[in-house]
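Dear colleague,

I am handing over the structure below, together with its sequence, and after it you will find my notes on what turned up. Please read them with the coordinates open beside you.

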Amino acid sequence: MINRNALFLNTILLGGTTAQKLQAVADAGFAEAELWQQDVQETGGDTAGIRQHLSSLDITLTDYQVLLDFDGAADVHREIKRQQALEILDTAVKVGAGTVLVPANTERGCVQDKIVSDLQWLTAQAVERDLRIAYEAMCWSTCVNTTPAALEIINEVDSPALGLVIDAFHIFALRRTVADLADVPADKIFLVQLSDVREIPDKQQLIDIARHQRLLPGDGVFPLQQLLSCLREKQYQGPLGLEVFNDELKKQPPADAARQAMAALRRLIV
């Protein structure tokens with residue numbers, strides 16, 4: 001897969017300034033980075049500077065993230081969420097991202113009947129800006145917490161600008177399998193995020209493990225080779241990389257953490 005797929009690193013793994021993170025991504029040999037709102041905020045909103053730095057490092061953005069709790073937002077929040085969405089889409093354009101990552105709503109008050117219409121609106125706004133929306137079923141999302149459920153929503157919206165995030169954590173942490181990808185066409189997978197865990201977490205541990213204790217691929221128990229084999233069979237050629245929330249790795253110099261991330265990824269896919 002290494003010859004076909006652009007390899008990326010999510011900046012959430014790295015400590016330091018935004019400039020230091022991007023330098024570490026490039027120096028470790030990654031072609032792309034996943035950039036967060038916090039990364040832009042750290043620069044004081046210097047989107048032009050970020051874009052110039054990316055160009056000088058010869059790396060691009062896999063996506064810009066993250067628009068939270070948007071789809072199915074309760075009526076009292078809908079207008080605020082739409083304004084937030086527009087701001088994130090506009091910032092994505094400014095930093096040079098082509099894709100915005102949108103996890104499925106995690107609020108208890110998520111209105112399931114509004115999910116499709118909300119994503120139709122969001123996708124239309126993205127298309128106006130020449131952007132795509134990568135929709136992610138998180139294992140603690142309220143209504144859409146599995147890949148098949150997310151695919152059903154995406155098929156209903158039926159836009160080439162709306163596709164899936166395949167995140168190993170959110171599949172395997174629920175003790176689900178690669179069978180979840182059986183009906184997913186390769187062109188509907190916009191990016192693939194890999195990580196690992198020491199052991200499959202209990203339900204009450206999901207969020208804490210996800211945000212603080214993920215491991216680099218190969219250091220845990222996830223059947224990542226099964227996932228890669230499934231992607232190979234589908235001839236998936238999109239971005240493949242790491243989203244590893246790990247408090248200890250984040251304390252290391254960003255260059256060191258990024259090098260470890262690339263070494264782990266190469267061991268997995270070569």
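Strand E4, which spans residues 99-103, is mostly covered, five of its five residues being buried. In this predicted model the covering applies to both faces of E4, with Thr99, Leu101 and Pro103 buried on one side and Val100 and Val102 buried on the other.

E4 has a pairing partner in strand E3 (residues 60-65), which runs parallel to E4 and is joined to E4 over two bridges, and in that pairing Gln65 stands opposite Leu101 of E4. E4 also pairs in the parallel sense with strand E5 (residues 132-136), here over five bridges, and Leu101 stands opposite Ala134 of E5.

The connections between these strands can be described in turn. E3, helix H4 (residues 75-95) and E4 make up a right-handed β-α-β unit, and E4, helix H5 (residues 115-128) and E5 likewise form a right-handed β-α-β unit.

As for the packing of the interior, the largest nonpolar core has 98 residues, of which Leu122, Tyr135 and Leu194 touch the most other members. The element that gives the most to this core is helix H11 (residues 254-269), which supplies eight residues. If residues up to four places away in sequence are set aside, Leu122 touches Leu67, Phe70, Ala85, Leu89, Val102 and Ile133; one of these contacts, Val102, is among the buried residues of E4 named above.

I also looked at the cysteines, and the count of disulfides comes to zero. Why is Cys139 without a bond? The closest cysteine sulfur to that of Cys139 belongs to Cys143 and lies 15 Å away, which is too far for a bond, given that a disulfide requires the two sulfur atoms to be within 2.5 Å. Cys230 is in no disulfide either, the nearest cysteine sulfur, that of Cys139, being 19 Å away. Both of these residues are covered: Cys139 is buried, with a relative accessible area of 6%, and Cys230 counts as buried at 11% relative accessibility.

Finally, a word on the annotation, which comes from a record: UniProt, in an unreviewed entry, places the feature "domain: Xylose isomerase-like TIM barrel" at residues 22-267. In the model, that span is 45% helix and 15% strand, and the C-alpha atoms at its two ends lie 22 Å apart.

With best wishes

Technical notes
Residues numbered from 1 in each chain as written. Predicted model: local features only at pLDDT ≥ 70, side-chain atom pairs only at ≥ 80, totals over all residues. Heavy atoms only, no water. UniProt positions renumbered as here; feature names shortened; annotations may be inferred. Helix = DSSP H or I, 4+ residues; strand = E, 2+ residues; numbered from the N terminus. Buried < 20%, exposed > 50% of the residue type's maximum accessible area, 1.4 Å probe, protein only. Pairing = 2+ DSSP bridges. Right-handed = clockwise from strand over helix to strand, strands pointing away. Core = buried A, V, L, I, M, F, W, Y, C linked by side-chain atoms within 4.5 Å. Contact = heavy atoms within 4.5 Å.
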